[in-house]
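Notebook open, structure loaded. I want to work from the whole chain down to single residues and jot things down as I go.

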Amino acid sequence: MDIEEKQADLIDYFVKQAQSLTGASLAGVVVDATSHPSLFAFSEILSVPNVAELQGTEHSKYLDLLQLFAHGTWNDYKSNAVSLPILAPDQVRKLKQLSVLTLAETSKVLPYDQLMQELDVSNVRELEDFLINECMYAGIVRGKLDQWRRCFEVQFAAGRDLRPAQLDGMIQTLSSWLATSDNLLLTIQEKIRWADTMGELEKKHRKEVEDRIDEVKKNLKADMDLRGHEEYSEPGVMDYEEDRSRPKRRRQPLV
């Protein structure tokens, strides 16, 4: 099962959990979701009315925590740790994984120095172990570790939840793509109609040529049949008849 299928099943599971719980129990669902090693998308859980209702309650910090995992990074957590729940080791690892995905959104070449600063990693060996074991083996990124250039070359990175500010841009991008697709479809349809027309003309022309060839063949055959009849008619018949109708010459007596 690939990462997309895993995500879909997990999201469905946690959404159903969130729909049936409130208060402290719902806060527990948030902790479980943000700790799960295979869940990296949280917008659907955030959209559950029960979760939104945590705002302004004693458990509102769990709503903030879920929003952080949907859109934030490890540095964002450190900047707001006082107002957020203390993270378990699984949550820390998850948030650092998500931070790598955020960096990969803006650049496909991530310098080691930048990654170590963003992830609070002290040395290259620890950083490379994290990228291999926690990111690439998890299936959320693919890439190449370049020790000579001290960078991680990203070949693939799973997408994160859209931030509210990104929604308008995404809608515009999709609208532009849709318009381009419609224009391309019209062009393809015109090409198909043109090809069909040319095909019909070609078929008609081929039929005319074949009919003309058949006609020529028939004419040649008729001409050859006529010539063959003349060549094989009985020779000398007319001469013989003509000879019989002529008066015979008398033979002169020998003297």
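**Entry 1: whole chain.** Before counting anything, I settle what a contact is: heavy atoms within 4.5 Å. I also note that I am looking at a predicted model. With that contact rule, I looked at pairs with a separation of 6 or more, and residues 24 or more positions apart account for 58% of those contacts in the protein chain. The chain has 255 residues, and 29% of them count as buried. I find 11 helices and 3 strands. Reading from the N terminus, I get α-α-α-α-α-α-α-β-α-α-β-β-α-α.

**Entry 2: the sheet.** In what order do the 3 strands sit in the sheet? I read E1-E3-E2, an open sheet with antiparallel pairing. E1 and E2 are at the edges with a single partner strand each, so each has one side without a neighbour in the sheet. On average, neighbouring strands here are turned by 25° against each other, direction ignored.

Next I went through the pairs. E1 and E3 are antiparallel and share 3 bridges. In that pairing, I see Leu110 opposite Phe152 of E3. I also checked what lies on the sheet: H9 packs there and touches E2 and E3, and its direction makes about 165° with that of E2.

E2 and E3 also run antiparallel, joined by 6 bridges. Here I noted Lys144 opposite Glu153 of E3. The two strands make a hairpin with 4 residues between them. I looked at backbone angles in the turn and picked out Arg150, with a positive phi of about 55°.

**Entry 3: helix H8.** Which residues of H8 (residues 112-119) are buried? My list is Tyr112, Leu115, Met116 and Leu119. They lie on the same side of H8, because the arc they cover around the axis is only 100°. Then I asked what covers these buried residues. On the helix side, the cover includes H6 (74-79), H7 (89-106) and H9 (124-136). The strands E1 (109-111), E2 (141-146) and E3 (151-157) are also part of the cover. One more backbone note: Asp120, just after H8, takes a positive phi of about 60°.

**Entry 4: H5 against H7.** I took the axes of H5 (residues 60-71) and H7 and got an angle of about 40°, with the axes 8 Å apart. That makes H5 oblique to H7. At the contact, H5 brings Leu65, Leu68 and Phe69, which meet Gln91, Lys94, Leu95 and Leu98 in H7. I sorted the residues of this contact by type and got 5 nonpolar, 1 polar and 1 charged.

**Entry 5: Val31.** Last stop, a single residue. Val31 is in H2 (residues 23-35). Is Val31 buried, exposed or partly exposed? Its relative accessible area is 29%, so I log Val31 as partly exposed. For that call I need the cut-offs: buried is under 20%, exposed is over 50%, and partly exposed is in between. Leaving out residues up to four places away in sequence, Val31 touches Tyr62 and Gln91. Gln91 also turned up in Entry 4, on the H7 side of the contact with H5. I then took a C-alpha distance to Pro85, 54 residues away from Val31 along the chain, and got 9.4 Å.

Notes
Residues are numbered from 1 along each chain as its sequence is written. This is a predicted model: local features need pLDDT of at least 70, side-chain atom pairs count only at pLDDT 80 or more; totals for chains, interfaces and linings use all residues. Side-chain values use heavy atoms; hydrogens and water are left out. Buried means under 20% relative accessible area, exposed over 50%, partly exposed in between (1.4 Å probe, protein chains only). The arc is that of the directions from the helix axis to the C-beta atoms. Two strands pair if DSSP finds at least two bridges between them. Axes are lines fitted to C-alpha atoms, for helices over the stretch in contact, and angles run from 0 to 180 degrees between N-to-C directions. Angles under 35 degrees count as roughly parallel, over 145 as roughly antiparallel, 65 to 115 as roughly perpendicular and the rest as oblique. Ala, Val, Leu, Ile, Met, Phe, Trp, Tyr, Cys and Pro count as nonpolar, Asp, Glu, Lys and Arg as charged, and the others, Gly among them, as polar.
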